[in-house]
Amino acid sequence: MPIDYDLIKNWEFPEIEHTYTEKDTIIYALSLGIGHDPLDTKQLQYIYEKELKAFPTMAVILGYPGLWMTNPKAKINFLKVVHGEQRLTILKPLPKSGTIKAQSRVSHVIDKGVDKGALVIVERSIFDENGTLLAVTEQTTFCRADGGFGQGDESPSALPKPPASSPDAIEEIEIRPDAAVLYRLNADPNPLHIDPEIAKAAGFDKPILHGLCTYGLAAHALVKNYCDYQAEHLLRFDTRFSSPVFPGETLVVEMWALNDEEISFQAKVKERDIVVLSNGIAKIKN
């Protein structure tokens, strides 16, 4: 059924207050494989309360507005929606614990056509307790069954493809077999990621990994290779989700330094030789 453009574009989201603890911050970092080597002191700063820091991509799970598209008033076929892209701009380091406030809005509703679906982009601004803007996330949802409404917004600038040359850096990450079980403790209890029967009903042989976990794993690889684990140097991290990942697989993150500030990246699953994150672009400060 075609989207009601005016309804979705003007969807009202309540302001969300989200309190998290140092334990939550540590669990998030552990779910990205940080701390795999407990003797690596550079990793300890994200998993040990002594000098704890929040890993910046944790912003994507803070103040999440929930599964609002399941609301019958939205008239969106939720069974046909997929997470298309995730973009993140980091303005200030996240506190290691505390209370944030988040305000979401629909920034774009894009008609791809009757047979091609629609894109809905939700922008979320995250503020600290003093009202300082910490980060802005943009989540693109591909509504495969809801195109053809005949009006809509222009698409934002497309994420750039990686260079055709060989990568400047490659990081292989062995994804834990229980990675989805651990990651779901952050903010996404969707049974698709833990219940084998539900995964099979959705067309998968077994539960899949959260897309935002794959996203965070790639950020971990980039911070390791280009920021020497000083994650506060990460200012932007955008990518497109191309294919699902299964726990226990090997993620191969390929990275190209375009200049001193911009890193192009993509990620593949080694065992299946398939791209799972494409058109990635990150910005760092030196």
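## A first look at this predicted model

Let us begin at a single residue: Lys-101 is partly exposed, because its relative accessible area is 33%, a value between the 20% and 50% cut-offs. Lys-101 belongs to strand β3, which covers residues 98–113. Leaving aside neighbours within four places in sequence, Lys-101 is in contact with Glu-15, Ile-16, Glu-17, Ser-125, Ile-126 and Phe-127. Thr-19 sits 82 residues from Lys-101 along the chain, and the C-alpha atoms of the two are separated by 8.8 Å. Please keep in mind that everything described here comes from a predicted model.

**The whole protein**

Stepping back, the protein contains six helices and ten strands. A compact globule of 286 residues would have a radius of gyration near 19 Å, and the protein agrees with this, since its own value is 19 Å. Along the principal axes, the C-alpha atoms fill a box of roughly 55 × 45 × 40 Å.

How many of the contacts with a separation of 6 or more join residues 24 or more positions apart? Such pairs account for 72% of those contacts in the protein. As for burial, 48% of the 286 residues count as buried. The accessible surface comes to about 13,900 Å², and carbon and sulfur atoms hold 50% of that area. Charged side chains number 30 positive and 40 negative, with the centres of the two sets 2 Å apart.

**Two nonpolar cores**

In soluble globular proteins, nonpolar side chains tend to be buried together. Here, the largest nonpolar core has 58 residues, and Phe-55, Leu-222 and Phe-237 have the most contacts inside it. Helix α6 (residues 211–226) gives this core its largest share, nine residues. Another core, of 17 residues, lies apart from that one and includes Tyr-5, Met-69, Val-81 and Phe-149.

Which residues does Phe-55 touch, not counting those up to four places away in sequence? They are Tyr-28, Leu-32, Ile-34, Tyr-46, Leu-94, Gly-216, Ala-219, His-220, Val-223 and Ala-231.

Tyr-28, one of the residues touched by Phe-55, is also one of the buried residues of helix α2 (residues 22–31). The others buried in α2 are Thr-25, Ile-26, Ile-27, Ala-29 and Ser-31. These buried residues of α2 pack against β1 (16–20), α4 (179–183) and α6. Just after α2 comes Gly-33, with a positive phi of about 85 degrees.

**Positive phi without glycine**

Two residues other than glycine also take a positive phi: Tyr-229 and Asn-279. Where does Tyr-229 lie? Its place is in the loop between α6 and β7 (234–241). Asn-279, on the other hand, is found in strand β10 (residues 274–284). The phi of Tyr-229 is about 65 degrees, while that of Asn-279 is near 55 degrees.

Are these two residues buried or exposed? Tyr-229 counts as buried because its relative accessibility is 3%, and Asn-279 counts as buried because its value is 9%; the cut-off for buried is under 20%.

**Three more residues to visit**

The table gathers three further residues with their places and relative accessibility.

| Residue | Place | Relative accessibility |
|---|---|---|
| Thr-141 | strand β5 (residues 133–143) | 9%, buried |
| Gly-152 | loop between β5 and β6 (169–174) | 42%, partly exposed |
| Glu-262 | strand β9 (residues 262–269) | 28%, partly exposed |

For the contacts that follow, neighbours within four places in sequence are left aside. Thr-141 is in contact with Met-69, Val-81, Val-82, Gly-84, Ala-118, Leu-119 and Val-120. Among these, Met-69 and Val-81 are members of the 17-residue core. Gly-152 is in contact with Tyr-5 and Val-109, and Tyr-5 belongs to that 17-residue core too.

Glu-262 touches Arg-236, Trp-256, Ala-257, Ile-281 and Ala-282.

How far apart in space are the C-alpha atoms of Glu-262 and Gly-248? They are 30 Å apart, with their positions 14 residues apart in sequence. For Gly-152 and Ala-257, which are 105 residues apart along the chain, the C-alpha atoms are separated by 35 Å.

Methods. Residues are numbered from 1 along each chain as its sequence is written. This is a predicted model: local features need pLDDT of at least 70, side-chain atom pairs count only at pLDDT 80 or more; totals for chains, interfaces and linings use all residues. Side-chain values use heavy atoms; hydrogens and water are left out. Helices (H or I, at least four residues) and strands (E, at least two) are DSSP runs, numbered from the N terminus. The radius of gyration is taken over C-alpha atoms; the globule rule is 2.2 Å times the number of residues to the power 0.38. Buried means under 20% relative accessible area, exposed over 50%, partly exposed in between (1.4 Å probe, protein chains only). Contact means heavy atoms within 4.5 Å. Accessible areas come from the Shrake-Rupley method with a 1.4 Å probe; for residues, only the protein chains shown count as cover. Lys and Arg count as positive and Asp and Glu as negative; His and the chain ends are not counted. The place of a charge is taken as NZ of Lys, CZ of Arg, CG of Asp or CD of Glu. A nonpolar core is a set of buried Ala, Val, Leu, Ile, Met, Phe, Trp, Tyr and Cys residues joined through side-chain atoms within 4.5 Å.
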